[in-house]
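Welcome, and thanks for taking a look at this complex with us. Below is a short tour of its cysteines, its interface and its salt bridges.

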Amino acid sequence: MNTPRSGGGARTVAAGPVAFTLNGHAVSVDAHPMARLLDVLREDLGLTGTKEGCGEGECGACTVLLDGAPVCSCLVPLAHARGREVRTIESLGGDHALQRAFVAEGGAQCGACTPGMIMAALALPEHPTRERIRQGLAGNLCRCTGYEAIYRAVERAASETVATPGASAAAEERKP
Amino acid sequence: MSVVGQSVPRVDGAAKAAGATRYLDDLVFPGMLFGRTIRATIPCGRVTGVHFDFDRTGFTVVDWRDIPGPNAILHVTDDQPCLVQSEVRHAAEPVLLLAHPDRETLWAAQVRLDEERAEPVLDPRRSPRSHKDILIERGDLAAGFAAADVVVEGEYRTGHQEHVYIEPQGIIAVPEEGGGITIHGSIQCPYYVHHALTHLLALPADKVRVVAAELGGGFGGKEDYPSVIAAHAALLAFKARRPVKLVYERAEDMWATTKRHPSIVRHRTGVTKDGRLVAMEIEILLDGGAYVTLSPVVLSRCCLHATGGYRCPNVRIAGRAAFTNSGPNGAFRGFGAPQAQFALEAHMDRVAEALEMDPARLRLRNVLRPGDTMPTGQRMGDDCSAGTVLRQAVRRSGWTRKRRAWQGTDRGIGLALFCHGGGFTGSGEERLASRCTLETTATGVRVLVAATEMGQGSWTVLAQVVADALGVPLEQVAVAVPDTAVVPNSGPTVASRTSMVVGRILERGAKDLKERLGGLAPAEHFRRHGPVSVTTRYEAPPGLSWDEEHYRGDAYATFAWACDVAEVRLDPDTYEARASKLTLVQEFGRPLNPVLALGQIEGGTAQGIGWALTEEVVMREGAMANAQLTNYCIPTTLDTPPMETVVVENPFPHGAFGAKGLGELPMDGPAPAIVNALRHLGLDLREVPATPERVMDAVDRRARPTAGR
Ligand code: FES
Ligand code: FES
């Protein structure tokens, strides 16, 4: 593209490390406080499970949980994570009920939206209605599935789980 | 024991749900640079000068003079330059390439182009040049119209559509010792890229290696354009002697890469009082954009689907793909068939209206049955399910009752009958002469094909086919990464051909291999005798013939059939039309994996809903002006209605285990079904997307019935 990107050069100046909790472990990152959390996760910390689909807060592929609430990590500056708890897809280990259900129901096709979708689904209440799932995932675009298989996956995970699938009451309250 | 027909979990599913799949942008190579493309901003004219307003130290800069071979991206022809020499034919045409180790420095660099704008051709109707013209004729059109009681005419339009695969396009080029290059990329067709690069770089085939990463979606958008990006990345990598990653950000991806061809289709139809089609005259115009790319083939498929699922003795189909100074349009799921069948199905409802006949009844009267022929002369066999899907859709959706009960309310119901030819058009599959290899390994058998996994589930389905044909458990079948250094050319991953055509070659190959193994399990045979491999070539189903020059004969080995019923609601305040439910009755031979097949149907339908209602590409000076997901709106969870899917089985004897092509079929129906549901509300819409503005116009016209007829 011809136009220089906005925010270009932001990461060339470092202003001291930023400490936060990542997937239950304390981390400290020496990057510019205005660096996108998405880049910090993917590049500085090597967690590439979080995806970039648009970089403008529209697609939700970059969704992570910040203190339990879903956020678009492409819009979150690193400084906002200071002292807080960040949770990414890697924290689920691969055998979480939602992950198993996404595989069984075909909720993941190309998989580009999947990590973000699962993180957003984690913040849903325990036994969500179809309507509640639709509302809760409205910020996450999927171009492959038409969403039906994703609903079925979330419902299957909910029916399999007696315990909370990861959502805390706090996360539910924080949702807009 | 048998796994074909079972919903086995997809082989790539667990990694995707874990976020562990490595997509192109997740790959890092030592010493890798970042690449950037500088593009023309005028639709037509010349670049006369370049100014670098930055310190060039540490930058690699490439222009057309750095191309070792011809400055051309080879597709159907070679008219598209890799980099602008001086003439510009469309906005966003690539001019210069930059690379730098630091992404921020790279993107902070300012480059100015001196451009001389000339007057562009933006309207395909005014275009002086065709990329391709096609004429299909049958019977006696004049006699047909003479025998008609009623003649209905109309013009129907569809807009551009952007693919919006969630993973944007990207390539990494790695220069190799000895002057070769390895390309890693989000690409549907590794051998297309291979073909284009050997030409551009003037390299022998074995010096170019193309490896397809797993794709975060493709939908046709990664069929031809990746050759351009791979060419750019390769040029930068050669010059810098370092790996180069060229990943587009969303805005660039939307601004610069291909879209679905916009269409203007005119229908003139003669019909008898009792609803028999006696004459169909169809004129198709596609906006091909500035270079030929795939337009001739898209036009071909468009023309061959122009009369859809109906028989008519007298037909004339004239198609043209016109040159314009907009970005080249390319492959998008459906590949011309959605445009053709949008016009046809919207028009059929107008014919029904003129006859005061129920639209489903009009269709039933004319629907293709075994023994009938299409305009090319292709005879329908028992694989024709047009009537079955239509009748089932009417029954399942409660058509007759809702059609009556919703009269005069804010709800409407409409349907569309449609088909999709599987595999390459005409003798295309014979020309491709695809090859697939199976080889024994220490753990079982390995499938070597160029079919890429872009979400559709190809790796899973092909493994299921091999497991059953060989009689081994699924766990013993592995599918190789599509790497041109390893896999044979089994053809591109397009045209709904992977299950049906590639799967069929593998099914035959697995049977051969089974004989070679003489009753031993593959791993056991490997242990005793070392590796065995079997390569199998495409064989056309018997009895097919095609005359490319006159468009006569069997255009496709078979068609898949479907009927969609759409229910819509109109918001009287915002003029927003919303789909509230879709009933999808689809026949695609036999589902090899029902969960994955359902995913194709629901996902393709959602793309069709977007094309029908919200996805409007705003073009300014021949380029997308709303190149942002903020104002180019694909369906979200809130825009996608519940779907009820009915799968009709009619196994096709020449597809793998009865499969026909499925991937594209679901894209063809939702738009006409939705527009016909709006017609049920009395709204005369002949163009998609049916945005609130267009709906409001139609509401105004409904209020003044004489206007706009
Ligand atoms: S990448 Fe963050 S919302 Fe799309
Ligand atoms: S699975 Fe491909 S975007 Fe959702």
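No disulfides turn up here: the count over all chains is 0, where a disulfide is a pair of cysteine sulfur atoms within 2.5 Å. As a reminder, a disulfide is a covalent bond between the sulfur atoms of two cysteines. Two cysteines of chain A are worth a look all the same. A:Cys59 is buried at a relative accessible area of 2%, and A:Cys62 is buried at 4%. Buried means under 20% relative accessible area, exposed means over 50%, and partly exposed lies in between (1.4 Å probe, protein chains only).

A word on the ground rules: this is a predicted model, so local features need pLDDT of at least 70 and side-chain atom pairs count only at pLDDT 80 or more, while totals for chains, interfaces and linings use all residues. Residues are numbered from 1 along each chain as its sequence is written, chains are lettered from A and ligands numbered from 1 in the order in which they are written, and side-chain values use heavy atoms, with hydrogens and water left out.

**Where the chains meet**

How many residues of chain B are in contact with chain A? There are 68, and they touch 54 residues of chain A, with contact meaning heavy atoms within 4.5 Å. Together the two chains bury about 4,700 Å², of which 52% is on carbon and sulfur atoms. Buried area here is the accessible area (1.4 Å probe) that two parts lose on being put together, summed over both. On the chain B side, B:Trp107, B:Ile166 and B:Thr637 lose the most area to chain A, together 15% of what that side buries.

Polar contacts between chain B and chain A number 25 residue pairs, both residues at pLDDT 80 or more. Such a contact is a pair of N or O atoms within 3.5 Å; within protein, one must be able to donate a hydrogen and the other to accept it, and residues adjacent in sequence count only if both atoms are side-chain atoms. Helix 16 of chain B gives the most to the side that touches chain A, with 8 residues. Helices (H or I, at least four residues) and strands (E, at least two) are DSSP runs, numbered from the N terminus.

**Salt bridges**

Over all chains the count is 60 salt bridges, and 6 of these cross the interface of chain B and chain A. A salt bridge is a side-chain nitrogen of Lys or Arg within 4 Å of a carboxyl oxygen of Asp or Glu. Here are some of them:

| Pair | Closest N to O distance |
|---|---|
| B:Asp26 and A:Arg42 | 2.7 Å |
| A:Glu155 and A:Arg130 | 2.8 Å |
| B:Arg125 and B:Asp123 | 3.0 Å |
| B:Arg396 and B:Glu644 | 3.1 Å |

In the B:Arg125 pair, the partner B:Asp123 is buried, with a relative accessible area of 18%.

The salt bridge of B:Arg396 with B:Glu644 links distant parts of the chain: helix 10 (residues 386-397) holds B:Arg396 and strand 27 (residues 643-648) holds B:Glu644, 248 residues apart. Both ends are partly exposed, B:Arg396 at 45% and B:Glu644 at 25%. Elsewhere, salt bridges that share partners join A:Arg42, A:Lys51, B:Asp25, B:Asp26 and B:Lys245 into one network.
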